[in-house]
Amino acid sequence: MSPEYLVQPGTRSERRRDAAVHLTPLIPAAAAVAVIGRPAVWAAPVIILGPLALGAILSRDSDAGRRHRRRAIDFNASVAVVALVLWGVLELGARVELAGVFVPVGLLLLALLWLNWLLMMAIAANRARYGELFEPPWVIPFSRWLRRGDPRRITKEKPHGDS
């Protein structure tokens, strides 16, 4: 069985902090809405601040906490990228008459993205509460690219025998 689905070590309070890491994007999102006065798609990148700043405080020295934080950052960065792309599609549809069909399609996709963001965040927090890892299927692996380069690159491992 893959280590992704095994229960991660940790105490009850560590698991609660791991679950809170997944819910931290709600704080900057609510703050952005409070400052702007309404939801704005172009403010989507601020949701990354939750796992980056608050996640660093909550995950502390726990290996499982750092894994949860990386996954939360990747997920929220992916949501931000998709939201910005959809915002561009909506702007194109609003400005170009021939691309007007993009407006209802973009609004529908934006509503589905928002719902998916909330649901996947709740699922990840619930799994973290029980010590499990969760990664939605459409997440861009930003943290892997930043740590090791391209994750698709295959490297040969050296044998662990006598040489």
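Buried means under 20% relative accessible area, exposed means over 50%, and partly exposed covers what falls in between. Keep those cut-offs in mind, because they explain the label on Glu132: with a relative accessible area of 26%, this residue is partly exposed. The model you are looking at is a predicted one.

**The overall layout**

Let's start with the whole chain. The protein has six helices and zero strands, so if you read along the sequence you get the pattern α-α-α-α-α-α. It has 163 residues, and 33% of them are buried.

**Three salt bridges**

How many salt bridges does the structure hold? There are three, and here they are side by side.

| Salt bridge | N to O distance |
|---|---|
| Arg66 and Asp63 | 2.3 Å |
| Glu91 and Arg95 | 3.0 Å |
| Arg127 and Glu132 | 3.7 Å |

Take the pair Arg66 and Asp63. Both sit in helix α4, three residues apart, which is about one turn of the helix. Arg66 has a relative accessible area of 32%, so it goes down as partly exposed. Asp63 is partly exposed as well, at 47%, a value that stays below the 50% one has to pass to be called exposed.

Now for Glu91 and Arg95. These two also belong to helix α4, and because they are four residues apart there, about one helical turn separates them. Which of the labels does Arg95 get, buried or exposed? With a relative accessible area of 68%, Arg95 is exposed, since that value is over 50%. Its partner Glu91 comes in at 29%, so Glu91 counts as partly exposed.

That leaves Arg127 and Glu132, whose closest N and O atoms are 3.7 Å apart. Arg127 is partly exposed, with a relative accessible area of 29%. Glu132, the residue we opened with, is partly exposed too, at 26%.

**The largest pocket**

Next, the empty space. Rolling a probe the size of a water molecule over the atoms shows where such space is left. In this model, the largest pocket holds about 470 Å³ of space. It is lined by 19 residues, and the ones closest to its centre are Pro39, Ala40, Val41, Ala44 and Trp114. Three elements give two or more residues each to that lining: α2 (26–36), α4 (63–95) and α5 (102–129). Which element supplies the largest share? That would be α5, with five residues.

What kind of residues make up the lining? They split into 18 nonpolar, no polar and one charged.

**A nonpolar patch on the surface**

Helix α5 turns up again on the outside. There, a nonpolar surface patch of about 850 Å² is formed by Leu92, Val96, Leu98, Val101, Phe102, Val105, Leu108, Leu109 and Leu112. With five residues, α5 gives the most to this patch.

Phe102 makes a handy example from the patch. This residue lies in helix α5, and its relative accessibility is 36%, so it counts as partly exposed. Why can a partly exposed residue belong to the patch? Patches are made of residues with over 30% relative accessible area and no salt bridge, so Phe102, at 36%, is past that cut-off.

**Pulling it together**

To recap, helix α5 gives five residues to the lining of the largest pocket and five to the nonpolar patch. Helix α4 contributes to the pocket lining, and the salt-bridged Arg66 and Asp63 both lie in this helix.

Technical notes
Residues are numbered from 1 along each chain as its sequence is written. This is a predicted model: local features need pLDDT of at least 70, side-chain atom pairs count only at pLDDT 80 or more; totals for chains, interfaces and linings use all residues. Side-chain values use heavy atoms; hydrogens and water are left out. On a 1 Å grid over the protein atoms alone, a cavity is a set of points where a 1.4 Å probe fits but cannot get out, and a pocket is an open set with protein on both sides within 12 Å along at least five of seven lines; lining residues have an atom within 4 Å of a point. Grid points are joined across faces, edges and corners, and a volume is the space filled by probe spheres set on the points. Ala, Val, Leu, Ile, Met, Phe, Trp, Tyr, Cys and Pro count as nonpolar, Asp, Glu, Lys and Arg as charged, and the others, Gly among them, as polar. Patches are made of residues with over 30% relative accessible area and no salt bridge: like charges are joined within 9 Å, nonpolar side chains (Val, Leu, Ile, Met, Phe, Trp, Tyr) within 5 Å. Accessible areas come from the Shrake-Rupley method with a 1.4 Å probe; for residues, only the protein chains shown count as cover. A salt bridge is a side-chain nitrogen of Lys or Arg within 4 Å of a carboxyl oxygen of Asp or Glu. Buried means under 20% relative accessible area, exposed over 50%, partly exposed in between (1.4 Å probe, protein chains only).
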